[in-house]
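Reader: Could you walk me through one part of this model up close? I would love a friendly tour of a single region.

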Amino acid sequence: MDLKITTIIENNPDDDNLLFSEHGLSLYIEYEEKKILFDTGQSGNFIKNAELLKININKLDYVVLSHGHYDHTGGIRKFVNKNYNSYKLIVGKNFFNKKYKLVEKDNYKYIGNSFDKEYIHQNNIEVKYIEEDIFYITENIMIFSNFKASNKFEQINKIFQIKQDENYIVDDFSDEKVLVLKHKKGLIVIVGCSHVGIVNILETIIERTGMTIYGIVGGTHLVEASEKRLKNTISYFKEKDISLLAMSHCTGKYAIEKIKHEFKDKYTYNNTGNVIKIV
């Protein structure tokens with residue numbers, strides 16, 4: 001049950017500065033003979049990085065998009081243009097909500113997908129829209145959604161909104177999906193941005209599975225966390241005795257430094273080109 005996770009692209013450059021980096025996230029996961037692409041960054045440069053890393057993304061089983069923000073889905077068009085078609089696309093049922101960010105009063109910036117359902121249909125992409133709490137790819141590879149609020153310190157940021165007709169409403173991120181891998185050491189939780197709150201996500205997963213969390217990989221959106229929220233989140237990680245904290249992207253520099261200080265060698269900065277192996 002060896003697991004390998006390669007960060008194809010992320011905000012920060014690789015250690016040798018040979019790869020492209022950008023504000024975004026794309027991970028390549030190899031587990032149980034399945035090959036999964038989790039998110040595609042914002043530009044499509046993950047494709048160039050995959051070539052440099054000698055990763056064959058023409059042999060994917062699944063492409064999972066965590067939520068409908070440009071920095072996680074923006075690479076899809078270039079990916080599709082390469083005629084990669086061996087995969088099934090997995091997204092949330094509300095993935096195509098029109099997503100915006102409130103920049104200032106009455107000024108909204110579009111931050112959603114660069115493609116729509118018609119684009120998926122025109123390109124004959126096999127797609128699964130997730131509605132259920134747990135969707136099983138295999139017995140040990142799962143997609144979780146419909147996360148419950150378990151605390152008061154994690155609140156969805158109201159600057160993220162969706163447009164319905166001519167009105168803007170706060171995005172509840174009902175499209176957010178999390179990839180969970182069942183391993184002999186525990187659950188490995190792979191997140192895109194954790195807009196609904198990383199503790200909410202983990203508590204929901206523990207409640208549904210009754211299993212312990214071994215590791216977290218991806219973005220946790222602690223970049224916007226207050227001191228109270230960050231303190232409570234770190235306390236939660238300690239309480240659950242999480243062994244691998246490989247967080248980056250929207251986690252934020254300050255939160256990363258605090259987590260690194262608290263967890264020492266349990267923390268891994270998951271920058272572009274980083275490889276995680278769990279045996």
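Author: Happy to; here is a look at one helix and what surrounds it. This is a predicted model, in which local features need pLDDT of at least 70 and side-chain atom pairs count only at pLDDT 80 or more, while totals for chains, interfaces and linings use all residues. Residues are numbered from 1 along each chain as its sequence is written, and side-chain values use heavy atoms, with hydrogens and water left out.

Our part is helix 5, which covers residues 198–209; helices here are DSSP runs of H or I with at least four residues, strands are runs of E with at least two, and both are numbered from the N terminus. From first C-alpha to last, the twelve residues of helix 5 reach 17 Å, close to the 16 Å expected at 1.5 Å a residue. That expected span is 1.5 Å times one less than the number of residues.

Now for the inward side of the story. The buried residues of helix 5 are Ile198, Val199, Asn200, Ile201, Leu202, Thr204, Ile205 and Ile206, where buried means under 20% relative accessible area (1.4 Å probe, protein chains only). An α-helix has 3.6 residues a turn, so residues three or four places apart point the same way.

What do these buried residues pack against? Their partners are four strands, namely strand 10 (141–144), strand 13 (178–183), strand 14 (186–191) and strand 15 (213–219), together with helix 6 (227–239). Contact here means heavy atoms within 4.5 Å.

Finally, look just past the end: Gly210 follows helix 5 and has a positive phi, near 70°.

Key: Buried < 20%, exposed > 50% of the residue type's maximum accessible area, 1.4 Å probe, protein only.
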